Amino acid sequence: NRLTTIKSGVGNDFLNSHSNGIRKKYGWEDKFLVVFSGTLGWVRPLESIIETARLLADNKKYHFVFIGDGQKRRSLEILAQQYNLKNISFVGLRPLEEIPYYLKASDLLVECLKEVPVARVALPTKIFEYMAAGKPIVFGSADGETSRLLSEAGGALVFSPSNPEQLAQLVRRVYDGEIDGAGLGQKYREFVNNNHTREQWAQKYL
């Protein structure tokens, strides 16, 4: 009863960002962008996103973007090359001040964690940045802290990383409008703006 949790928050640079011409820069103007941003490390089963890109490769509208670097980047690139996938881009590390542009340029944001017990209590700080972008989010992991947060904010789109078809189905449903991605993204943004700005958490901390 003497413990208090001070969560991470998000700044106005993410809440008030625009896409800053990212789509035009990479030639993605007519694409439905599924974006992952973060460390390409072992804690994330990112192969499931590659497999999803393979399942959706027949539709040239879908394009998958990885922003970041890490131990698994090379192996992910090799996997994409082995499948001869043209619908994936690895843009590497970008300066922090550019990340909001990429998130804002997306149509769908994806995050995933290994399905292990610790994932149930993990809350990646990027989730607040994702939510601030006002875009729909699909989250891959066992039910836990992150999916509860998304549910509280307006709804959780979840999949099992061991089943890429589940992620492919969610991508299709958002693209087709069966899921109101724009409406869900707006709920996320409002939730973060009302509950998870850095200023609000700083005041609680003080």
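How are H3 and H8 oriented to each other? In this predicted model, the two helices are oblique to each other, because their packing angle of about 60° falls outside the ranges for roughly parallel (under 35 degrees), roughly perpendicular (65 to 115) and roughly antiparallel (over 145). Helix H3 also packs with H4, and the largest pocket is described last.

**H3 with H8**
- Helix H3 covers residues 47-55 and helix H8 covers residues 164-176, and their axes lie 8 Å apart.
- The crossing in which H3 passes H8 is right-handed.
- On the H3 side, the contact is made by Ser-48, Ile-49, Glu-51, Thr-52 and Leu-55.
- On the H8 side, Pro-164, Glu-165, Leu-167, Ala-168 and Arg-172 take part in the contact.
- By class, the residues of this H3 and H8 contact are five nonpolar, two polar and three charged.

**H3 with H4**
- Helix H4 spans residues 73-82, and its axis comes within 10 Å of the axis of H3, with a crossing angle of roughly 20°.
- H3 is therefore roughly parallel to H4, since angles under 35 degrees count as such.
- H3 and H4 cross in a right-handed sense.
- Glu-47, Ile-50 and Glu-51 of H3 make the contact with Leu-76, Leu-79 and Ala-80 of H4.
- The residues of the H3 and H4 contact comprise four nonpolar, no polar and two charged.
- Glu-51 of H3 is listed in the contact with H8 and also in the contact with H4.

**Largest pocket**
- The largest pocket holds about 180 Å³ of space.
- Its lining consists of 13 residues, and those nearest the pocket centre are Ser-37, Gly-38, Thr-39, Ile-67 and Gly-68.
- The lining of the largest pocket divides into four nonpolar, four polar and five charged residues.

How values were computed:
Residues are numbered from 1 along each chain as its sequence is written. This is a predicted model: local features need pLDDT of at least 70, side-chain atom pairs count only at pLDDT 80 or more; totals for chains, interfaces and linings use all residues. Side-chain values use heavy atoms; hydrogens and water are left out. Axes are lines fitted to C-alpha atoms, for helices over the stretch in contact, and angles run from 0 to 180 degrees between N-to-C directions. Helices (H or I, at least four residues) and strands (E, at least two) are DSSP runs, numbered from the N terminus. A crossing is left-handed if the near helix is turned anticlockwise from the far one by less than a right angle, and right-handed if clockwise. Contact means heavy atoms within 4.5 Å. Ala, Val, Leu, Ile, Met, Phe, Trp, Tyr, Cys and Pro count as nonpolar, Asp, Glu, Lys and Arg as charged, and the others, Gly among them, as polar. On a 1 Å grid over the protein atoms alone, a cavity is a set of points where a 1.4 Å probe fits but cannot get out, and a pocket is an open set with protein on both sides within 12 Å along at least five of seven lines; lining residues have an atom within 4 Å of a point. Grid points are joined across faces, edges and corners, and a volume is the space filled by probe spheres set on the points.
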